[in-house]
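I opened this notebook to record how the parts of one chain are arranged and packed. The entries follow the order in which I looked things up.

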Amino acid sequence: MVRPTASEGNKDIGIAFALAVTRPAAGSVIMRTGKLSLFSALRQCCPSAIRSDDPYIGRFGLKEIDFNKLLEKNSFVKVRDRSCC
């Protein structure tokens, strides 16, 4: 069985959302996980673009790791936060 991936429409929504709520700034960091992440904000604003646990509804939505990979491919810089360790 093939693992469902996010649809192109949901990917476009994710990128458009990220570009709308962020702006380039020197030294700024965007959280990749947790309650302050872009994915968490996208989940609150557009839950239909997020993959749910229901196998029939939301099957082609974005998962957090797919969203982060999509951001990296679209010129968002990956920064590791090791302040918790």
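The entries below go from the overall layout to helix pairs, then to single residues.

**Entry 1. Overall layout**

I note at the outset that the model is predicted. I looked up the secondary structure and found three helices and zero strands in the chain. Read from the N terminus, the order of elements is α-α-α. I then checked burial: of the 85 residues in the chain, 27% are buried. I also looked at contacts between residues at least 6 apart in sequence, and 66% of these join residues at least 24 apart.

**Entry 2. Helix 1 against helix 2**

At what angle do the axes of helix 1 and helix 2 cross? I read a crossing of roughly 110°, with the axes coming within 11 Å. The two helices are therefore roughly perpendicular to each other, as the range for that term is 65 to 115 degrees. On the side of helix 1, I listed Gly-14, Phe-17, Ala-18 and Val-21; these meet Leu-38, Ala-41, Leu-42 and Cys-45 in helix 2. Sorted by class, the residues of this contact are seven nonpolar, one polar and no charged.

**Entry 3. Helix 2 against helix 3**

I took helix 2 as residues 38-45 and helix 3 as residues 64-73; they pack at an angle of about 115°, and their axes are 10 Å apart. That angle makes helix 2 roughly perpendicular to helix 3. I recorded the crossing of this pair as right-handed. From helix 2, Leu-38, Phe-39 and Leu-42 take part, and they meet Glu-64, Phe-67 and Leu-71 of helix 3. The classes here are five nonpolar, no polar and one charged.

**Entry 4. Helix 1 against helix 3**

For the remaining pair I read a packing angle of about 65° between helix 1 and helix 3, with 10 Å between the axes. The crossing of helix 1 and helix 3 is right-handed. Helix 1 contributes Lys-11, Gly-14, Ile-15 and Ala-18 to the contact, and helix 3 contributes Phe-67, Leu-70 and Leu-71. I counted the classes of this contact as five nonpolar, one polar and one charged.

**Entry 5. Buried residues of helices 2 and 3**

Which residues of helix 2 are buried? I found Leu-38, Phe-39, Ser-40 and Leu-42. Their cover includes helix 1 (8-21) and helix 3. I noted that Leu-38 and Leu-42 are listed in the contact with helix 1 and also in the contact with helix 3.

In helix 3, the buried residues are Asp-66, Phe-67, Asn-68, Leu-70 and Leu-71. Helix 1 and helix 2 are among what covers them. Phe-67 and Leu-71 appear in the contact with helix 2 and again in the contact with helix 1. I also looked at the residue just after helix 3: Ser-75 takes a positive phi of about 70° there.

**Entry 6. Phe-39**

I examined Phe-39, which is found in helix 2. Its relative accessible area is 4%, so Phe-39 is buried, the cut-off being under 20%. Leaving out residues up to four places away in sequence, I found that Phe-39 touches Ile-50, Leu-62, Lys-63, Glu-64 and Phe-67. I also took the C-alpha distance from Phe-39 to Asn-68, which is 8.1 Å across a sequence separation of 29 residues.

**Entry 7. Met-31**

I located Met-31 in the loop between helix 1 and helix 2. Is Met-31 buried, exposed or partly exposed? Its relative accessibility is 35%, so I entered Met-31 as partly exposed. Met-31 and Lys-78 are 47 residues apart along the chain, and their C-alpha atoms are separated by 9.5 Å.

**Entry 8. Cysteines**

I searched the whole structure for disulfides and found zero. Why do Cys-45 and Cys-46 not form one? The cysteine sulfur closest to that of Cys-45 is in Cys-46, at 8.1 Å, which is too far for a bond. The cut-off for a disulfide is within 2.5 Å. Looking from Cys-46, I found the closest cysteine sulfur in Cys-45, again at 8.1 Å and too far for a bond. Cys-45 has 57% relative accessibility, so I entered it as exposed. Cys-45 is also one of the helix 2 residues in the contact with helix 1.

Key:
Residues numbered from 1 in each chain as written. Predicted model: local features only at pLDDT ≥ 70, side-chain atom pairs only at ≥ 80, totals over all residues. Heavy atoms only, no water. Axes fitted to C-alpha atoms, helices over the stretch in contact; angles between N-to-C directions. Helix = DSSP H or I, 4+ residues; strand = E, 2+ residues; numbered from the N terminus. Parallel < 35°, antiparallel > 145°, perpendicular 65-115°, else oblique. Left-handed = near helix turned anticlockwise from the far one by under 90°. Contact = heavy atoms within 4.5 Å. Nonpolar A, V, L, I, M, F, W, Y, C, P; charged D, E, K, R; others polar. Buried < 20%, exposed > 50% of the residue type's maximum accessible area, 1.4 Å probe, protein only.
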